[in-house]
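Thanks for coming. I have one structure to go through this morning, and I will keep to what can be read from it.

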Amino acid sequence: MSETLCSDDRCSPPIPVVPSHWSLPAEPASVRCARRAVVAALPRDCSAEMADELVLLVSELVTNAVRYGARRPVEMVLWFVDGYVWLAVSDHGSGRPRVGSPGRRDCGGRGLLLVDRVADVWAVVARPGCGKSVVVGMRRR
């Protein structure tokens, strides 16, 4: 005899928040658009500190994707799961981002250092045939 799942609404699992997804042109103006989009997508209970940190992460990651991403659209996804805010920025570039060690007088090379300090967890995830994604996670607070 087979068991029947409850068809009553009280037994249905909660529907998770659908991730926000954006495709941005590979141009400098997209950085500002990405920051605004993420702020608009954040839940009302998101702290100002967390919002500021996410804006910093978006700025760094989208800037790098525009700069090194093979001049093809940049994709950005924001989602919330298991107490974390997750952000993925993807581009079509073949290079693998790495934390640099710029000198005091260098004008750049600090983006992933900031990501490493601000995010609770982050990784570069290969997307075979279409570049890579830099994924960052932050505990909600």
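**Helices, strands and one pocket**

I begin in the middle, with α3: the elements covering its buried residues include α2, β4 (121-126) and β5. The buried residues in question are G111, L112, V115 and V118. Seen down the axis of α3, these buried residues fall within an arc of 130 degrees, so they line one face of the helix. For background, an α-helix has 3.6 residues a turn, so residues three or four places apart point the same way.

Before going further, please keep in mind that this is a predicted model.

Now the overall layout. The protein chain has 141 residues, and 33% of them count as buried. Its secondary structure comes to three helices and five strands. Starting at the N terminus, the order of elements is β-α-α-β-β-α-β-β. Along the principal axes, the C-alpha atoms fill a box of roughly 70 × 35 × 25 Å. As for contacts between residues at least 6 apart in sequence, 60% of them join residues at least 24 apart.

Next is α2, which will come up again with the pocket. This helix has 21 residues, and from its first C-alpha to its last it reaches 30 Å, close to the 30 Å expected at 1.5 Å a residue. Which residues of α2 are buried? They are M50, A51, E53, L54, L57, V58, S59, L61, V62, A65 and V66. One charged residue, E53, is on that list. The buried residues of α2 pack against β1 (20-24), α1 (29-41), β2 (74-81), β3, α3 and β5.

One residue of α2 that is not on the buried list is worth a stop. L56 sits in helix α2. Is L56 buried or partly exposed? Its relative accessible area is 29%, so L56 counts as partly exposed; the cut-off for buried is under 20%. Setting aside neighbours within four places in sequence, L56 contacts L114 and V118. V118 is one of the buried residues of α3. By contrast with those contacts, take V38, which is 18 residues from L56 along the chain: the two C-alpha atoms are separated by 11 Å.

A second contact to α2 comes from S30, which belongs to helix α1. S30 has a relative accessible area of 2% and is therefore buried. Not counting residues up to four places away in sequence, S30 touches L24, P25 and V62. V62 is among the buried residues of α2.

On to the strands, and W86 in β3. With a relative accessible area of 21%, W86 is partly exposed, because the buried class stops under 20%. Beyond its neighbours within four places in sequence, W86 is in contact with V77, L78, W79, V81, V121, V135, V136 and G137. R127 is 41 residues from W86 along the chain, and their C-alpha atoms are separated by 17 Å.

Now the pocket. The largest pocket has a volume of about 500 Å³. How many residues line the largest pocket? The lining has 23, and N64, Y68, R98, G111 and L112 lie nearest the centre. Two of these names we have met already: G111 and L112 are buried residues of α3. At least two lining residues come from each of α2 (48-68), β3 (84-91), α3 (111-118) and β5 (132-139). Which element supplies the largest share? That is α2, with seven residues. By type, the lining divides into nine nonpolar, seven polar and seven charged residues.

Last, some backbone angles. Just after α2, A70 takes a positive phi of about 65 degrees. R71, in the loop between α2 and β2, has a phi near 55 degrees, a positive value in a residue other than glycine. R71 counts as exposed, at 61% relative accessibility. D82 is in the loop between β2 and β3. Its phi is near 50 degrees, again positive in a residue other than glycine. D82 is exposed too, with a relative accessible area of 71%.

To close, two points to take back to the viewer. The largest share of the pocket lining comes from α2, and α2 is also among the elements covering the buried residues of α3. That is all I have.

Methods. Residues are numbered from 1 along each chain as its sequence is written. This is a predicted model: local features need pLDDT of at least 70, side-chain atom pairs count only at pLDDT 80 or more; totals for chains, interfaces and linings use all residues. Side-chain values use heavy atoms; hydrogens and water are left out. On a 1 Å grid over the protein atoms alone, a cavity is a set of points where a 1.4 Å probe fits but cannot get out, and a pocket is an open set with protein on both sides within 12 Å along at least five of seven lines; lining residues have an atom within 4 Å of a point. Grid points are joined across faces, edges and corners, and a volume is the space filled by probe spheres set on the points. Helices (H or I, at least four residues) and strands (E, at least two) are DSSP runs, numbered from the N terminus. The expected span of a helix is 1.5 Å times one less than its number of residues. Buried means under 20% relative accessible area, exposed over 50%, partly exposed in between (1.4 Å probe, protein chains only). Contact means heavy atoms within 4.5 Å. The arc is that of the directions from the helix axis to the C-beta atoms.
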